[in-house]
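Work through the exercises below with the model open. Try each task before reading its solution.

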Amino acid sequence: MSTSFLENFFITLILYNLLVAAGISIYGVVARPSITKKIISLTILQDTFNILAIFLGFKVFSIPPVLLELDSDIEKLLAFTTSAVDPLPQALVLTAIVIGLAVNLFLIFLALQVFRLYRTLDSRKIKELKG
Amino acid sequence: MRKYFVLVSIVLATVVIAYITTYLRALGPIGLDTRYLAKLFLMLTYNPVYRELTAMSPEAVTSIVWDFRGVDTLYETVVFYMAIIAALTIYRGVSYSSIWGGYGLSLIVRVVTKLLIPINIAIAVSIAAHGHLTPGGGFQAGAVLAVVSVLLAVTYSASSFIKLGVSLSKAVALRSAGLLAIALVVFTPIVFSALTGVQTYIMQNYVKIDSSFSFPTHVWNQLISGTLIWLNLAEFLAVSFGFFIIFMLLSLREEVVREQIGEKDEH
């Protein structure tokens with residue numbers, strides 16, 4: 001089973017789009033002065049890399065990695081292994097999502113505390129303030 | 001104007017480079033075959049023939065998450081735990097019992113929410129209990145149940161938590177109970193080994209090549225996949241009440257928090 005030129009083109013386009021999204025979100029984290037926008041960019045960066053990881057396990061004309069029949073027939077299991085997508089990136093992304101969520105929560109609460117203390121979330125103004 | 005020019009040029013450059021790469025077949029074949037490791041995991045996820053290597057769960061992702069790479073997930077749970085500890089530290093000294101909110105949204109919204117919440121809870125429990133059979137699991141179920149706390153805070157106001165008897169300390173206790181349950185499942189093989197002298201491994205699910213210890217894989221002819229169902233349910237408890245704590249803290253009114261923490265407006 002092979003893919004047509006158009007299918008290949010769209011798969012490649014998705015890959016490049018993810019790289020562009022990663023680039024834009026890194027710009028957001030580094031260059032935007034607002035802490036809120038930095039956090040939003042960071043979440044976009046996390047999701048981009050998660051989709052990139054899923055993309056690595058992607059396979060055309062595939063089925064989800066869930067066995068539908070529970071029997072010990074090796075022939076059926078072999079057919080399953082050749083038709084299902086790679087489950088490892090999915091499992092790693094699940095872990096990455098939870099860790100990303102924990103990091104985001106921590107950053108949000110820190111930002112809230114920064115706002116309570118300085119009454120601003122602009123990193124340029126915070127730099128000038130003392131105490 | 002300059003911004004639009006940059007955006008349009010990025011989009012055009014992406015499309016053109018993708019076209020050239022596809023035309024030259026520079027990336028090679030994409031998405032036509034899975035890696036050997038993936039085939040191994042798929043082969044061993046539910047395989048009664050290779051008893052020493054299987055996880056006895058038809059859901060390959062859950063097998064990897066809680067069996068093949070179980071320690072990863074254990075650390076992930078710890079990281080999530082630490083993040084909530086950090087949030088609670090920032091909010092230390094804030095008492096939830098003195099908060100009195102408004103009356104929430106209109107009657108229509110409140111009635112619809114009242115109908116939705118039991119459905120939401122049922123779906124969450126179902127996702128957690130079937131995590132080893134169908135896509136889903138403890139974390140996904142916890143995230144679904146967390147929606148209940150947001151619905152309560154938005155439609156009935158933050159004071160509804162007090163009316164329902166959900167306090168921060170109760171949520172922390174339930175969450176800790178979930179984590180303790182995970183620890184119990186993880187250390188059961190070691191305790192079994194200490195009592196009987198049988199060789200076991202930490203976080204062991206099914207029999208290994210030099211260990212005859214196994215959690216029961218079937219109960220009343222129903223597949224429960226050994227440790228997987230218990231770990232999923234415990235993670236469900238830990239994650240859902242972790243989210244409850246977060247949303248309870250975030251739904252507090254800012255003036256009340258400032259008043260209770262005792263921070264002065266200096267700037």
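A residue counts as buried if 20 or more other C-beta atoms lie within 10 Å of its own, with C-beta atoms placed from the backbone. Keep in mind that this is a predicted model.

**Exercise 1. Describe the fold and spread of chain A.**

Solution.
- Step 1: apply the burial cut-off. Buried residues make up 20% of the 131 residues in chain A.
- Step 2: list the elements. Chain A has five helices and zero strands. From the N terminus on, the order is α-α-α-α-α.
- Step 3: test against the globule rule. The radius of gyration of chain A is 21 Å, well over the 14 Å that the rule gives for 131 residues, so chain A is more spread out than a compact globule.
- Step 4: check the dimensions. The C-alpha trace of chain A spans about 70 × 35 × 15 Å along its principal axes.
- Step 5: look at the contacts. Of those in chain A with a separation of 6 or more, 57% join residues 24 or more positions apart.

**Exercise 2. Characterise the side of chain A that touches chain B.**

Solution.
- Step 1: count the partners. Contacts link 43 residues of chain A with 49 residues of chain B.
- Step 2: assign them to elements. Helix 1 (5-31), helix 3 (74-83) and helix 4 (87-118) of chain A each give two or more residues to this side.
- Step 3: find the main contributor. Helix 4 of chain A gives the most, with 15 residues.
- Step 4: sort by class. This side of chain A has 30 nonpolar, nine polar and four charged residues.

**Exercise 3. Locate the largest nonpolar core and trace one of its members.**

Solution.
- Step 1: find the best-connected residues. The core has 67 residues, and A87(B), A234(B), F244(B), I245(B) and I246(B) touch the most other members.
- Step 2: map the contributors. Helix 4 of chain A gives two or more residues to this core, as do several helices of chain B, including helix 2 (36-44), helix 5 (107-129) and helix 8 (168-196).
- Step 3: pick out the leader. Helix 9 of chain B gives the most, with 18 residues.
- Step 4: follow I245(B). Leaving out residues up to four places away in sequence, I245(B) touches I84(B), L88(B), L168(B), A171(B), V172(B) and R175(B).

**Exercise 4. Weigh the confidence of the prediction.**

Solution.
- Step 1: take the global scores. The model has ipTM 0.83 and pTM 0.87.
- Step 2: turn to chain B. Its mean pLDDT is 85, and 95% of its residues reach 70 or more.
- Step 3: compare its elements. Helix 5 of chain B has the highest mean pLDDT (92), and helix 10 (residues 254-261) of chain B the lowest (76).

Notes
Residues are numbered from 1 along each chain as its sequence is written. Chains are lettered from A and ligands numbered from 1 in the order in which they are written. This is a predicted model: local features need pLDDT of at least 70, side-chain atom pairs count only at pLDDT 80 or more; totals for chains, interfaces and linings use all residues. Two residues are in contact if their C-beta atoms, placed from the backbone, lie within 7 Å. Helices (H or I, at least four residues) and strands (E, at least two) are DSSP runs, numbered from the N terminus. Ala, Val, Leu, Ile, Met, Phe, Trp, Tyr, Cys and Pro count as nonpolar, Asp, Glu, Lys and Arg as charged, and the others, Gly among them, as polar. A nonpolar core is a set of buried Ala, Val, Leu, Ile, Met, Phe, Trp, Tyr and Cys residues joined through C-beta atoms within 7 Å. A residue is buried if 20 or more other C-beta atoms lie within 10 Å of its own, exposed if 12 or fewer, and partly exposed in between; C-beta atoms are placed from the backbone. The radius of gyration is taken over C-alpha atoms; the globule rule is 2.2 Å times the number of residues to the power 0.38. pLDDT is the predictor's confidence in each residue, from 0 to 100.
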